[in-house]
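Student: I would like to take a close look at a single part of this protein. Could you please explain one strand and its surroundings in a connected way?

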Amino acid sequence: MKDNFKEWLVCEYGLKESAAASRAGNISRIERYYGDIDVLIGNGNVSNLLQSLSYTTDDERNNRPQQHKVPICGNVRKGSATLKQALSRYIEFREATAGIPCQTKLQSILSRLKAVLGQFKPAEIQDSYADKKDVQRLIQNPLLEMLRSRMPEIEWEKEVKLNSKVKDSVDILGVIDGESLVVIEIDTHRTDQICKKFVSRQALTDDKSTIYVVVTYPNTNSQSQPEKVAVEKYARYMTVLTNIQAQGTNLEKYFYIRSL
């Protein structure tokens, strides 16, 4: 079984870490009785295994024996269905990632981060978040708790200064292995605000591999359609600049914007 199966489940299906680990555990259990699952897929024998994991309600009603080798503790139909679903997901994973080079650790974290942010919703939905305290209470704090819960291997803190000589602090900072960083800024849909922070944060993290994320929220001062279009345009520019910054170094730099 390939190591990035769990990360793929989190990214593609939005599973929690524990659920993804459980699915990977199902595959490991199958491998104990059938050998390397990737070899079975490569030899074209996995479809037979998938079929053998089928156990219908009629099989259960007539107390027929299971057709696969994996021992089931408890209900045979439900246990077999769980293994079959895990195997189906693994086959889908192999097909989706065929020919795709392995991700770096930071790329894998970015994929998982996108999945978490895609599921995040403010504690209270509003048409406009005008008060800074509301933004902290309804967006920043719940997001911080979600990140700590879903990605606990990263050290998450809020209101962190990147440099003791600079007054500004990062809304949410994640530290990976004491080195690489995830910088998350929570802003309105205002191009000037987003661009100014982008410049300063990139300068302050020029010696670190960094994932820089902007989470934007609606505000009465930034709701116009021209402003939203401008944000999308400058987001493309910032992605280009981030890629240029990473060239010629051994650092990784990524930019991502998520609108609430």
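Tutor: A residue is called buried when its relative accessible area is under 20%, exposed when that area is over 50%, and partly exposed in between, with a 1.4 Å probe and protein chains only. Helices (H or I, at least four residues) and strands (E, at least two) are DSSP runs, numbered from the N terminus. This is a predicted model, in which local features need pLDDT of at least 70 and side-chain atom pairs count only at pLDDT 80 or more, while totals for chains, interfaces and linings use all residues. Residues are numbered from 1 along each chain as its sequence is written, and side-chain values use heavy atoms, with hydrogens and water left out.

The part chosen is strand S4 (210–217). Because 8 of the 8 residues of S4 are buried, the strand is largely enclosed by the rest of the structure. Its side chains point in two directions: Thr-210, Tyr-212, Val-214 and Thr-216 point one way, Ile-211, Val-213, Val-215 and Tyr-217 point the other way, and all are buried.

Consider next the strands beside S4. Two strands pair if DSSP finds at least two bridges between them. S3 and S4 run parallel and are joined by 8 bridges. Within this pairing, Val-183 has Tyr-212 of S4 as its bridge partner. Between S3 and S4 the chain passes through H9, and this β-α-β crossover is right-handed. The term right-handed means that, with the strands pointing away from the viewer, the path from the first strand over the helix to the second runs clockwise. S4 also pairs with S5, again in the parallel sense, over 7 bridges. In S5, Tyr-254 stands opposite Ile-211, and Phe-255 stands opposite Tyr-212. S5 has 5 of its 7 residues buried, so this strand too is largely enclosed by the rest of the structure.

The helix of the crossover deserves attention as well. The expected span of a helix is 1.5 Å times one less than its number of residues. For helix H9 (residues 191–204), with 14 residues, this gives 20 Å, and its end C-alpha atoms are 20 Å apart, which agrees. The buried residues of H9 are Thr-191, Ile-194, Lys-197, Phe-198, Arg-201 and Gln-202. Seen down the axis of H9, they fall within an arc of 140°, so they line one face of the helix. The arc is that of the directions from the helix axis to the C-beta atoms. Lys-196, Val-199 and Ala-203 are exposed, on the face of H9 turned away from its buried side. What covers the buried residues of H9 includes S4 itself, along with strand S2 (170–176), strand S3 (180–188), helix H10 (225–246) and strand S5 (253–259). Contact here means heavy atoms within 4.5 Å.

S4 also takes part in a nonpolar core, which is a set of buried Ala, Val, Leu, Ile, Met, Phe, Trp, Tyr and Cys residues joined through side-chain atoms within 4.5 Å. The largest such core has 29 residues, of which Leu-113, Leu-147, Trp-156, Ile-184 and Ile-211 touch the most other members. At least two residues of this core come from each of helix H7 (105–119), helix H8 (132–150), S2, S3, S4 and S5. H8 supplies the largest share, 7 residues. Leaving out residues up to four places away in sequence, Leu-147 touches Leu-113, Val-116, Pro-152, Trp-156, Ile-172 and Ile-184. Apart from this core lies another, of 21 residues, among them Phe-5, Val-46, Ile-72 and Ile-91.

H7, one of the contributors to the largest core, has 15 residues and reaches 22 Å from its first C-alpha to its last, close to the 21 Å expected at 1.5 Å a residue. Its buried residues include Leu-110, Leu-113, Val-116 and Leu-117.

Finally, the loop between S2 and S3 contains Asp-177. This residue has a positive phi of about 55° although it is not a glycine. Asp-177 is exposed, with a relative accessible area of 59%, whereas all the listed residues of S4 are buried.
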